[in-house]
Amino acid sequence: MLNIAVLVSGGGTNLQALIDAEKRGEIPGGKLALVLASKPGVFALERARRAGIPTSVLVRKEFPTQQEYDQALLARLDEARIDLIILAGFLTIISGDVVHRYENRIINVHPSLIPSFCGEGFYGLRVHEEALRRGVKVTGATVHFVTDVCDGGPIILQQAVAVKEGDTPETLQRRVMEEAEWKLLPKAAALFCAGKLTVDGAVVHCKEDACMKTKDLRAEAGSTSYPGRGIVLGRSEDGKKAVAAYFIMGRSENSRNRVFESEGDGLKTRAFDESKMQDPSLVIYNAVRVWKDETIVTNGDQTDTIYDFLAAGKTWEEALRTRTFEPDAPNFTPRISGVVCNKTGAYRLSILKSCAQDPESVQRFFYEYPQPRAGEGHFLHTYMGDGNPLPSYEGEPAPVAIRGGLQEFTEALWQALNEENKISLFVRFIDLETGAWETEIRNKNQ
């Protein structure tokens with residue numbers, strides 16, 4: 001069952017259509033879990049209360065900046081574990097930060113047949129006033145995905161409505177709502193929750209992958225013969241455990257001459273055959289350490305840097321701003337790092353990489369996931385594939401599905417990695433209630 005948030009600013013007639021559809025069982029895969037209003041006292045909030053739906057109010061002018069407002073909005077959505085956002089007459093601007101976070105998971109209803117009478121300034125009665133002024137014989141409504149372009153996202157559904165002689169903007173508005181908006185919006189929600197909507201040929205939701213365009217981790221990890229070193233952080237399928245995984249791969253004899261070994265509550269790399277180890281500087285390090293309730297996992301000795309900064313009361317961002325990519329020109333291997341909270345399951349990821357235009361310059365990227373959902377995680381690795389020099393990872397961490405318990409997840413990931421290049425794999429499941437953990441380690445060298 002997917003959680004739906006409806007964002008409103010007024011009377012909530014479209015909200016009522018969704019409430020009625022849910023009661024009739026017409027949105028079988030979804031649940032109205034939150035109604036969020038842009039101002040207090042609007043009747044939409046009363047409709048929600050009567051239906052037993054949790055409500056919230058966020059007034060834009062109470063926040064000094066758009067960024068602070070967006071963060072508050074995201075926090076409310078995360079708290080309610082929202083999978084789909086429906087804008088139902090929501091008159092407050094939401095920025096690109098929110099749109100990108102919920103890419104292809106925000107839908108809006110517009111009272112015209114897009115691309116007619118849409119874009120900046122076209123909302124409410126003005127849409128119908130313009131339709132009457134232009135003398136069109138047919139208008140209607142459109143449900144579409146929300147993007148950075150106003151009313152420019154991919155169209156989901158449209159319904160035509162006749163314009164009648166003697167119509168006023170008010171009578172036309174009412175007919176469009178009754179004959180189009182109130183029918184299209186619940187239908188679009190039902191299609192989304194059933195996994196039947198696509199954008200550019202890709203399903204934007206499927207029940208197996210919860211609520212975002214999650215990728216199959218096995219396919220993602222096995223998509224190239226050489227992803228390098230990789231980190232996966234997320235939450236177990238039952239939602240009760242935080243998940244941390246780290247693997248290493250190698251092409252040279254020196255890189256392949258390694259195994260993972262437990263070190264206290266953490267993990268370190270060591271030489272499998274000490275007599276064959278040539279240069280330990282970038283291949284032997286603490287990969288995992290625990291500071292209080294924080295589990296740190298990285299692909300290098302920045303694990304110790306993060307640990308020391310946290311112990312000194314500083315942040316992991318401060319720690320990583322003292323570091324750069326690895327000094328192994330011409331590859332300039334990125335440093336990837338993650339921290340997961342053993343109590344809440346919240347996690348963060350970072351990559352430090354060279355700039356394509358100026359390889360000697362460092363780029364630092366930080367990503368936060370404060371409310372991970374059950375069965376979901378993010379995957380970050382060092383390389384996009386084999387090559388000479390090796391091509392550094394590009395883009396944000398990939399959203400991936402996390403399936404099964406500790407042993408099943410470990411085995412699936414281990415089997416997905418290229419047999420020739422894989423070296424070692426570490427997986428830890430952390431019980432969010434007790435803080436206790438279980439660990440699996442796989443080493444190719446035995």
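This is a chat about the cores, one sheet, a helix pair and some backbone details of a predicted model.

Student: Which residues touch the most other members of the largest nonpolar core?

Tutor: V6 and I107 do, in a core of 45 residues.

Student: And which helix gives the largest share of this core?

Tutor: Helix α6, residues 169-193, which supplies ten residues.

Student: Is there a general reason to look for such clusters?

Tutor: In soluble globular proteins, nonpolar side chains tend to be buried together.

Student: What is I107 in contact with, leaving aside its neighbours within four places in sequence?

Tutor: The contacts are L84, I85, I86 and L87, then V143, H144, F145 and V146, and also I156, L185, A188 and A189.

Student: Which residues does the second core include?

Tutor: That core is separate and has 26 residues, among them L233, I336, I351 and I423.

Student: Switching to the open sheet. What is the strand order?

Tutor: The order is β13-β14-β15-β16-β17-β18-β19, seven strands with antiparallel pairing.

Student: Which strands stand at the edges?

Tutor: β13 (258-263) and β19 (362-369). Each has a single partner strand, so one side of each is left without a neighbour in the sheet.

Student: How many bridges join β13 to β14?

Tutor: Six, and the two strands run antiparallel, with β14 covering residues 266-271. One of the pairs is R258 with A271, the latter in β14.

Student: What does the twist average from one strand to the next?

Tutor: It averages 20 degrees.

Student: Which strands does helix α9 touch where it packs on the sheet?

Tutor: α9, residues 302-311, touches β15 (286-291), β16 (294-298) and β17 (335-341). The direction of α9 makes about 15 degrees with that of β15.

Student: Back to α6. At what angle do the axes of α1 and α6 cross?

Tutor: Roughly 55 degrees, and the axes come within 9 Å. Helix α1 is residues 13-23.

Student: Why are they called oblique?

Tutor: The angle of roughly 55 degrees lies outside the limits for the other classes: under 35 degrees is roughly parallel, 65 to 115 roughly perpendicular and over 145 roughly antiparallel. α1 and α6 are therefore oblique to each other.

Student: Left-handed or right-handed crossing?

Tutor: α1 passes α6 in a right-handed crossing.

Student: Which residues meet there?

Tutor: From α1, T13, N14, A17, L18 and A21. They meet M177, E181, W182, L185, P186 and A189 in α6. L185 and A189 are also among the contacts of I107.

Student: New topic, backbone oddities. Which residues does the cis peptide bond ahead of P115 join?

Tutor: I114 and P115, with omega about 20 degrees. P115 lies in the loop between β5 (106-110) and α5 (125-134). The peptide bond from A329 to P330 is also cis, with omega near 10 degrees, and P330 is in the loop between α10 (316-320) and β17.

Student: What should I compare those with?

Tutor: Most residues other than glycine have a negative phi, and most peptide bonds are trans.

Student: On phi, then: what is the value for N104?

Tutor: N104 has a positive phi of about 60 degrees and is not a glycine. It is found in the loop between α4 (96-101) and β5.

Student: Buried or exposed?

Tutor: N104 is buried, with a relative accessible area of 7%.

Student: And D151, what is its phi?

Tutor: Positive, about 60 degrees, and D151 is not a glycine. D151 is found in the loop between β6 (138-145) and β7 (155-162), and is buried at a relative accessible area of 11%.

Notes: Residues are numbered from 1 along each chain as its sequence is written. This is a predicted model: local features need pLDDT of at least 70, side-chain atom pairs count only at pLDDT 80 or more; totals for chains, interfaces and linings use all residues. Side-chain values use heavy atoms; hydrogens and water are left out. A nonpolar core is a set of buried Ala, Val, Leu, Ile, Met, Phe, Trp, Tyr and Cys residues joined through side-chain atoms within 4.5 Å. Buried means under 20% relative accessible area, exposed over 50%, partly exposed in between (1.4 Å probe, protein chains only). Helices (H or I, at least four residues) and strands (E, at least two) are DSSP runs, numbered from the N terminus. Contact means heavy atoms within 4.5 Å. Two strands pair if DSSP finds at least two bridges between them. Axes are lines fitted to C-alpha atoms, for helices over the stretch in contact, and angles run from 0 to 180 degrees between N-to-C directions. A crossing is left-handed if the near helix is turned anticlockwise from the far one by less than a right angle, and right-handed if clockwise.
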